[in-house]
Amino acid sequence: MTTPVFLPLEGGCTCGEVRYRLTSAPMFVHCCHCRWCQRETGTAFALNAMIEADRVHLLKGKVEIIDTPSNSGKGQKIARCPTCRIAVWSNYSGAGDTVNFVRVGTLDTPDRLPPDIHIFTMSKQPWVAIPPGMPAVEEYYDRAIYWPKESLERRNAVQATRRNV
Ligand SMILES: [Zn+2]
Ligand SMILES: [Zn+2]
């Protein structure tokens with residue numbers, strides 16, 4: 001299998017004030033079925049692409065960071081357009097500001113980032129059918145088991161820079 005050439009992914013908010021570009025493929029994509037994501041999105045799940053924060057370039061506008069409660073109790077920072085308030089990404093306490101959880105639905109071509117895993121399926125809406133063979137876990141999971149080696153190395157590199165701060 002040949003590695004596909006990565007074409008930059010771009011996205012933005014609804015009013016057009018905020019535009020961003022991902023300069024590489026994400027490390028991993030979560031489809032999260034937890035109640036918190038259902039409430040935040042107003043729908044059945046959230047699709048989050050995890051990528052190093054320095055690989056997300058703001059092309060236009062500025063984001064407003066809103067402190068928001070999270071499932072872990074440690075909170076998340078949601079980056080929103082200051083005008084239309086659409087959420088473009090979040091930072092969770094685990095990886096801090098170094099990893100952005102980009103809301104896949106804000107990309108111009110969201111079809112390019114299907115989920116790598118379904119998580120918190122214990123609260124999955126019953127009508128959502130997960131394709132056979134697709135990784136799915138009732139709650140959370142061990143990265144070492146599911147992530148590709150290259151993504152684990154990228155995540156470790158991010159953690160190393162955090163420790164030096
Ligand atoms: Zn906007
Ligand atoms: Zn969730």
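## Nonpolar cores

In this predicted model, the largest nonpolar core holds 17 residues, and Val99, Ile119 and Tyr141 touch the most other members. At least two residues of this core come from each of the strands β3 (28-32), β4 (46-52), β9 (99-103) and β10 (117-119). A second core, separate from that one, has 14 residues, among them Leu22, Val88, Trp89 and Leu107. In soluble globular proteins, nonpolar side chains tend to be buried together.

Ile119 illustrates the surroundings of a core residue. Leaving aside residues up to four places away in sequence, Ile119 touches His30, Cys31, Cys32 and His33, and also Val137, Glu139, Tyr140 and Tyr141. Cys32 in that list is also a donor to the zinc ion (ligand 2).

## Zinc site

Three cysteine sulfur atoms coordinate the zinc ion (ligand 2): SG of Cys32, SG of Cys34 and SG of Cys37, at 2.1 to 2.3 Å. Along the sequence, the donor residues follow the spacing C-x1-C-x2-C.

The donors can also be described by their accessibility. Cys32 and Cys37 are both buried. For Cys32 the relative accessibility is 6%, so this residue counts as buried. Cys34 has a relative accessible area of 5% and is therefore buried, since that value is under 20%. The model contains zero disulfides.

## Strands β1, β2 and β5

Strand β1 (residues 9-12) pairs with β2 in the antiparallel sense, over four bridges. One of the bridge partners is given by Gly11, which is matched with Tyr20 in β2. The two strands form a hairpin with six residues between them. In the turn, Gly16 has a positive phi of about 95°.

Strand β2 also pairs with strand β5 (residues 56-60), again in the antiparallel sense and over four bridges. Here Arg21 has His57 of β5 as its bridge partner. Strand β2 (residues 19-22) has two faces: Tyr20 and Leu22 lie on the covered face, whereas Arg19 and Arg21 lie on the uncovered one. In a regular strand the side chains alternate between the two faces of the sheet. Leu22, on the covered face of β2, is included in the second core.

## Cys84 and its loop

Cys84 is located in the loop between β7 (76-80) and β8 (87-92). Its relative accessible area is 24%, and Cys84 is therefore partly exposed, because that value falls between the limits of 20% and 50%.

When residues up to four places away in sequence are not counted, Cys84 touches Cys13, Thr14 and Cys15. Cys84 and Glu17 are 67 residues apart in sequence, while their C-alpha atoms are 8.4 Å apart in space.

## Thr68 in strand β6

Thr68 belongs to strand β6 (residues 64-68). The relative accessible area of Thr68 is 19%, so this residue is classed as buried under the 20% limit.

A polar atom of the Thr68 side chain lies 3.0 Å from the backbone oxygen of Ile66. Thr68 also touches Gly75, Gln76 and Ile78, with residues up to four places away in sequence not counted.

Key: Residues numbered from 1 in each chain as written. Chains lettered and ligands numbered in written order. Predicted model: local features only at pLDDT ≥ 70, side-chain atom pairs only at ≥ 80, totals over all residues. Heavy atoms only, no water. Buried < 20%, exposed > 50% of the residue type's maximum accessible area, 1.4 Å probe, protein only. Polar contact = N/O pair within 3.5 Å; in protein donor to acceptor, adjacent residues only side chain to side chain. Contact = heavy atoms within 4.5 Å. Donors = N, O, S within 2.8 Å, 3.2 Å for Na, K, Ca; no water. Disulfide = S-S within 2.5 Å. Core = buried A, V, L, I, M, F, W, Y, C linked by side-chain atoms within 4.5 Å. Pairing = 2+ DSSP bridges.
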